[in-house]
Amino acid sequence: MSVSDVEPLVRGGYRCLLCDVRVPNSPSLNDHLKGKKHQKLLSVRSCRKSQQEKSLFVSGFHKGTSNLEITDYFQNFGTVANVIMDKDKGLYAIIEMGDTEEVEKVLSITQHCMNGQKLRVKHKETKEFKYIPKRKQIPGKKQWIDFEELTQGLCQAVDVDEQMKQLLQLFELTESEKTLRELIVSLLQEVFLEFFPSCRILPFGSSVNAFGIHGCDMDLFLDLENTKAFQAHARSKVETEEVNGIKEDAQFETQSEDSILSDIDLGTSTTAEVLQLVATVLQKCVPGIHKVQAVTTARLPVVKFIHKESGLQGDISINNRLAVRNTQFLQLCASLDQRVRPLVYAVRYWAKQKQLAGNPFGGGPLMNNYAVTLLVVFFLQNRTPPVLPTVNHLKELADEDDQCVIDGWDCTFPSNQSKVEPSPNSEGLCGLLAEFYKFYSQFDFAGTVISLSEGKAHLVTDFIGPESETNLRLGPINIQDPFELSHNISGNINERTGQKFKRQLDEAFKYCRSLQYQRKSNKGKIWGIVRLFQPLNSTDCSPAHSPEVDCSPVKELNHSGNVLTIPFKLSCLSEQTREKLHGSSDFREIWFNKVCHAVLYVMETILQCGCTCTEGSGVRIDDIKISSFDGCRNDSDNEDNIGLKRKHPAEEIPEISSTKKARIETVQYRRKVTWHCEVWSRVWVGRRKMRRQLHFRTTEPDANTGEVVNSLEIEEKVSAAILQQEGRGDKSSPLITFTLCAFLVGGNEDTRTMIRVTPIQHTTLFPEFFHFLESFVPKMTEKCFEKSE
């Protein structure tokens, strides 16, 4: 036993790292170390270590090469104890020799050649032994591929195009998996027909949309429309016969009395009541189904179940007809061009590795795979020439038989792919993937809405206000459903996830411009899409650590140091402001104008800084003075005060000449505004403590008026209290002098205001002050928007 196998715990006791077992004291530890489990694992570890020392990693041989051929070749150097082939693709093999001397003998040969192919031979990578409890193997269910295993396979490919095709083959559902799902659907269909006459079980989602992966869940839609008609007709017939005094025939009487439908009216029952009935049928009447659970309080109520033999999980819903149509749309997209599937699989795996999509693990709401897939489809609609047609163009190609309206939404498109002309676009997969990241790294997600119907991005201002045709829930990323136009596919995304998504797009774009992506490594290093797929928590060879490439001026500004970022958040704007922005093509300038007002309000009124507006090479322009920020301030300045600097506590600033006075009271729609600022007091120090001393809370009523004090007024009073506590002191010169330069970014970037803070006189106080501004200014700016009426 190694000493490192035992770890003392802080709260007492010990942990055996080899067995992952905790014991309370030394006697228990000694008993464990002498036990069968620990001794067996010691033996297994020793055996594995011996095997690793005698093993070689071999690749480069022809696909389809057998174990026997490899054994015959390496027997020339000694005894071949075992050969383990890559079962899926036959791209590599692990060869265990008789002893370490034979291994060194093999490696002493500088170049191996077998069947005309040059082999790559090296020591098998040494891995630390880790005990993993055996899991029950489920027939027909293939487990998710380990990243290390994926790396070994993909790095042997010739180019990125081949890597992406291999990725598709590794992850796509096998024929046996598809057959298993079809059999389960057939079983459910057969059983449910007994209880719900003329019903249909329709699969949708990953299992059938051409983008499924090993072990993906089964999403099923139980179509009861025909059943409802059957039930209504049966009841109408009974009522007619009762009125006429005619006895119903024995067969119909038996069906009425014994049918499960006799206890429920599908036309008037709630979704929860019907799903409870479906759950009962699943649990009691379908063989091989267990762990049935009706989830009736979810946004989309479903019945969950597990197929016992295969371990496949499934959901049955009864109000999701649009999802079936969306699945058919994706099937059509996949059939129109053979590049669609490899590209979707690559982007979806990248999003999973970067923790942007899939099941959230405590990291906030993530994008669903459907949203990621639609991003790829929209990108392909915008290539020149387009790889995929827009939804509106597909509607034009549809026949009468293809017409489809669901819940009032036009879901028409051709059922036959032959009606759609093939795309003349001939770009390779390598170039398309790189262009995907370029396209979206320069995309304004917050300021636009992605429309697959028209194949273009609309301004968010077209979707706000009472005159908007669709009540679309807007957020940091807006992807309009191709058919249900009032549904934002990515509406669950919050600001944090949206910013993280954009950062990862930027990193991926930079990496795809490097040689590590475009060319295969001659030194055995990972390259191409493998390097792109490095997990987010990995620090080795990740795209984030790749060599820097040229960046846009905005990105250079973002990485230049002292920069504050205020993203465009529609949710933070007041209803009045939203109405002003509705239908406005220059909404970015309007918003930037309000940001400038808010920033100046925060610096002048809350932080008591002296601010003067400048522009260009230090040339003074009309000063900007906020007399009232949409209700944030109640005091108003007359025309004579508009052109003045703010007075600092020590002295009066002389009035500027009349030729320099401002003729306007608002910030013009500029894409760049600069202020010269002076800080006279340490208003950033001790604010939390002062807030507690003043007994202020954002939701606490004022002691005198009884009204709730908003956070802006609180911060003003905190600053005033700090100034009073600090006293007059030495006010002959400012503590910090700096410039604020605000830039409007939008169009080809996410809409946001970036503010560069540059010290004029470098002091030890500036880093501390800037650190405070980083969080305080964006937060208070948002509060200004919330207060705006």
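What covers the buried residues of α4? This note on a predicted model begins with that question and then moves from the sheets to a few individual residues.

1. The cover over the buried residues of helix α4 includes two helices, α2 (36–53) and α3 (67–74), together with the strands β4 (55–59), β6 (92–97), β7 (112–114) and β8 (117–123). The helix itself spans residues 100–107, and its buried residues are Glu-102, Val-103 and Val-106. These residues lie on the same side of α4, because the arc they cover around the axis is only 105°.

2. At the start of α4 there is a polar contact to look for in the structure: a side-chain oxygen of Asp-99 comes to within 3.1 Å of the backbone nitrogen of Glu-101. As for its placement on the strands, α4 lies across β4, β6, β7 and β8, and its direction runs at about 140° to that of β8.

3. The sheet that contains those strands is an open one of 5 strands, with antiparallel pairing and the order β5-β6-β4-β8-β7. Its edges are formed by β5 (80–85) and β7, each of which has a single partner strand, so that one side of each is left without a neighbour in the sheet. From one strand to the next, the twist averages 30°.

4. Within this sheet, the pairing of β5 with β6 is antiparallel and extends over 5 bridges; among the residues involved, Met-85 has Ala-93 of β6 as its bridge partner. Helix α3 packs on the sheet as well, where it touches β4, β5, β6, β7 and β8, and its direction makes about 140° with that of β5.

5. A further open sheet is made of 3 strands in the order β1-β2-β3, and here too the pairing is antiparallel. The strands at its edges are β1 (6–8) and β3 (21–23), each of them pairing on one side only. Neighbouring strands are turned against each other by 25° on average when direction is ignored.

6. In this 3-stranded sheet, β1 and strand β2 (residues 14–16) pair in the antiparallel sense over 3 bridges, and Pro-8 has Tyr-14 in β2 as its bridge partner. Helix α1, made up of residues 26–34, lies across β1, β2 and β3, and runs at about 145° to β3.

7. Some backbone features deserve a careful look when the model is inspected. The peptide bond that leads from Thr-384 to Pro-385 is cis, with omega near -5°, and Pro-385 is placed in the loop between α13 (369–381) and α14 (391–397).

8. Asn-115, a residue other than glycine, has a positive phi, near 55°. Asn-115 is found in the loop that lies between β7 and β8, and with a relative accessible area of 49% this residue is partly exposed.

9. Gln-608, also a residue other than glycine, has a positive phi near 60°. The residue is placed in the loop between α21 (587–606) and β20 (610–615), and Gln-608 counts as partly exposed, with a relative accessibility of 24%.

10. Is Glu-715, in helix α23, buried or exposed? Glu-715 counts as buried, because its relative accessibility is 6%, which lies under the 20% cut-off. The residue belongs to helix α23, which spans residues 711–726. When its neighbours within four places in sequence are left aside, Glu-715 is in contact with Ile-606, Arg-687, Arg-691, Phe-776 and Met-780.

11. For the protein as a whole, there are 24 helices and 24 strands, and of its 789 residues 48% count as buried. Among the contacts with a separation of 6 or more, 67% are between residues that stand 24 or more positions apart. The area that the protein exposes is about 40400 Å², of which carbon and sulfur atoms supply 48%.

Methods
Residues numbered from 1 in each chain as written. Predicted model: local features only at pLDDT ≥ 70, side-chain atom pairs only at ≥ 80, totals over all residues. Heavy atoms only, no water. Buried < 20%, exposed > 50% of the residue type's maximum accessible area, 1.4 Å probe, protein only. Helix = DSSP H or I, 4+ residues; strand = E, 2+ residues; numbered from the N terminus. Arc of directions from axis to C-beta. Contact = heavy atoms within 4.5 Å. Polar contact = N/O pair within 3.5 Å; in protein donor to acceptor, adjacent residues only side chain to side chain. Pairing = 2+ DSSP bridges. Axes fitted to C-alpha atoms, helices over the stretch in contact; angles between N-to-C directions. Areas by Shrake-Rupley, 256 points an atom, 1.4 Å probe, with all protein chains shown as cover.
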